[in-house]
Amino acid sequence: MTDVNIIGLDLAKRVFQAHGARADGSVAFRRKLTRQQVLTFFSKQPRCIVAMEACATAHDWGRELQVLGHEVRLIPPVYVKPFVKRQKNDAADAEAIAEAAARPTMRFVTVKTEEQQARAMVFRTRDLLVRQRTQLINALRGHLAEHGVVAPQGTAKVKLLSDVIEDVNTTLQPLVVELGRLYLDQIAALDGKIADLERVLKREAARGVTTSRLQTMPGIGPITAMAIETFAPPMESFRRGRDFAAWLGLVPVQHSTGGKQVLGRTSKMGQRDIRRLLIIGAMAVVKSAGRKSAPEGSWLARMLARKPRMLVAIALANKMARSAWAMLTKGEDFRVPAATAS
């Protein structure tokens with residue numbers, strides 16, 4: 001096995017599959033490994049490239065293999081699938097991973113640190129609790145609507161439902177009131193937990209130089225700044241800001257052929273957390289510009305004068321992504337663009 005150049009490792013819970021390939025692409029070995037055998041096996045291998053799909057547990061295994069001196073390459077699963085030959089099984093998957101990793105133009109995922117994954121867990125937990133709160137609010141609205149109580153959507157309108165439930169002169173059935181209070185207690189508990197997690201995110205964002213710099217841009221707060229630092233790879237891995245915006249899925253889908261450029265809707269093919277937060281921040285900037293009016297001659301003012309607000313928000317999110325790339329690669333705070341004459 002001394003001539004092994006790349007080892008493709010198909011991850012699993014218990015039984016892993018390793019595929020060793022030489023520099024010319026020929027098969028060096030195929031081997032099944034139990035979970036307990038993986039690190040022992042790779043500790044005996046000469047330093048080489050170890051490729052895995054960027055899926056669950058991949059970053060943890062990547063860090064462990066880097067400690068052993070191997071070069072780890074994580075590949076998005078969608079880029080591995082075209083290399084699977086005919087039947088799908090663990091051996092075919094491991095071979096496809098090794099073959100995909102050998103491609104000179106293949107794109108890889110940076111192995112995340114434990115700190116990045118800890119911060120990612122905070123984001124994921126907050127998102128989960130927000131979704132659960134939304135489910136409870138919608139369920140409560142739906143149940144009370146069956147009893148003639150209708151309230152607008154949104155967390156801010158829960159107070160209207162609470163007032164109806166706690167009204168001493170309510171005409172609701174006692175069982176409905178009892179269950180309504182159960183919903184309200186759960187919603188209040190989630191509100192407190194979500195607020196605690198947001199304080200953690202703000203505290204972590206206040207400590208970092210990168211997150212503090214990102215927050216100088218309008219539309220980027222501590223949560224978005226933390227998301228960029230946590231989920232995005234090093235900005236130096238992108239040649240220009242357009243590449244970062246494309247990685248986030250903030251560019252049109254292309255259906256070009258025959259030399260004719262055909263662009264469709266936003267691709268949404270990138271990191272969804274950062275993309276969603278940038279669009280939310282851009283929408284807040286657009287709404288603020290609608291209330292206070294954007295500076296005359298600015299790009300935002302010209303766009304709002306002739307385009308729908310949602311389209312402007314997507315375009316602004318794209319510009320924000322480019323600006324974030326420029327700020328982090330140059331080590332500069334946000335600078336307001338000079339207004340130009342129409």
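This briefing covers the confidence, nonpolar cores, largest pocket and largest cavity of one chain. The structure is a predicted model, with a mean pLDDT of 91 over the chain and 98% of the residues at 70 or more. The largest nonpolar core holds 46 residues, and the largest pocket encloses about 1900 Å³ of space.

**Confidence**

- Among the elements of the chain, the highest mean pLDDT, 97, belongs to strand S4 (residues 49–53), whereas strand S7 (residues 263–266) has the lowest, at 78.

**Nonpolar cores**

- Within the largest core of 46 residues, the members that touch the most others are Phe-123, Ile-220, Phe-244, Ile-274 and Leu-278.
- At least two residues of this core come from each of helices H5 (114–145), H7 (174–207), H9 (222–231), H10 (241–247), H11 (272–292), H12 (299–306) and H13 (309–330), and H13 gives the most, with 10 residues.
- Once neighbours within four places in sequence are set aside, Ile-220 is in contact with Leu-214, Gln-215, Ala-225, Ile-228, Leu-278 and Met-320.
- Another core, of 20 residues, lies apart from the largest one, and its members include Val-38, Ala-58, Leu-65 and Leu-74.
- In soluble globular proteins, nonpolar side chains tend to be buried together.

**Thr-224 in helix H9**

- Thr-224 lies in helix H9 and counts as buried because its relative accessibility, 7%, is under the 20% cut-off.
- Leaving aside neighbours within four places in sequence, Thr-224 is in contact with Leu-277 and Leu-278, and Leu-278 is also one of the core residues that touch the most other members.

**The largest pocket**

- The largest pocket is lined by 50 residues, of which Pro-233, Phe-238, Trp-247, Gly-270 and Gln-271 are the closest to its centre.
- Helix H3 (77–80), strand S6 (252–254) and helices H5, H9, H10, H11 and H13 each supply at least two residues of this lining.
- By class, the lining of the largest pocket comprises 25 nonpolar, 13 polar and 12 charged residues.

**The largest cavity**

- The count comes to 1 cavity of 30 Å³ or more, and about 40 Å³ of space lies in the largest cavity.
- The residues lining the largest cavity are Phe-123, Arg-126, Asp-127, Ile-223, Ala-227, Asp-273, Arg-276 and Leu-277, with H5, H9 and H11 each supplying at least two of them.
- This cavity lining divides into 4 nonpolar and 4 charged residues, with no polar ones.
- Phe-123, which belongs to this cavity lining, is also among the residues of the largest core that touch the most other members.

Terms used
Residues numbered from 1 in each chain as written. Predicted model: local features only at pLDDT ≥ 70, side-chain atom pairs only at ≥ 80, totals over all residues. Heavy atoms only, no water. Core = buried A, V, L, I, M, F, W, Y, C linked by side-chain atoms within 4.5 Å. Buried < 20%, exposed > 50% of the residue type's maximum accessible area, 1.4 Å probe, protein only. Helix = DSSP H or I, 4+ residues; strand = E, 2+ residues; numbered from the N terminus. Contact = heavy atoms within 4.5 Å. pLDDT = per-residue confidence, 0-100. 1 Å grid on protein atoms, 1.4 Å probe; cavity = no way out; pocket = protein on both sides within 12 Å on 5 of 7 lines; lining within 4 Å. Points joined across faces, edges and corners; volume = space filled by probe spheres on them. Nonpolar A, V, L, I, M, F, W, Y, C, P; charged D, E, K, R; others polar.
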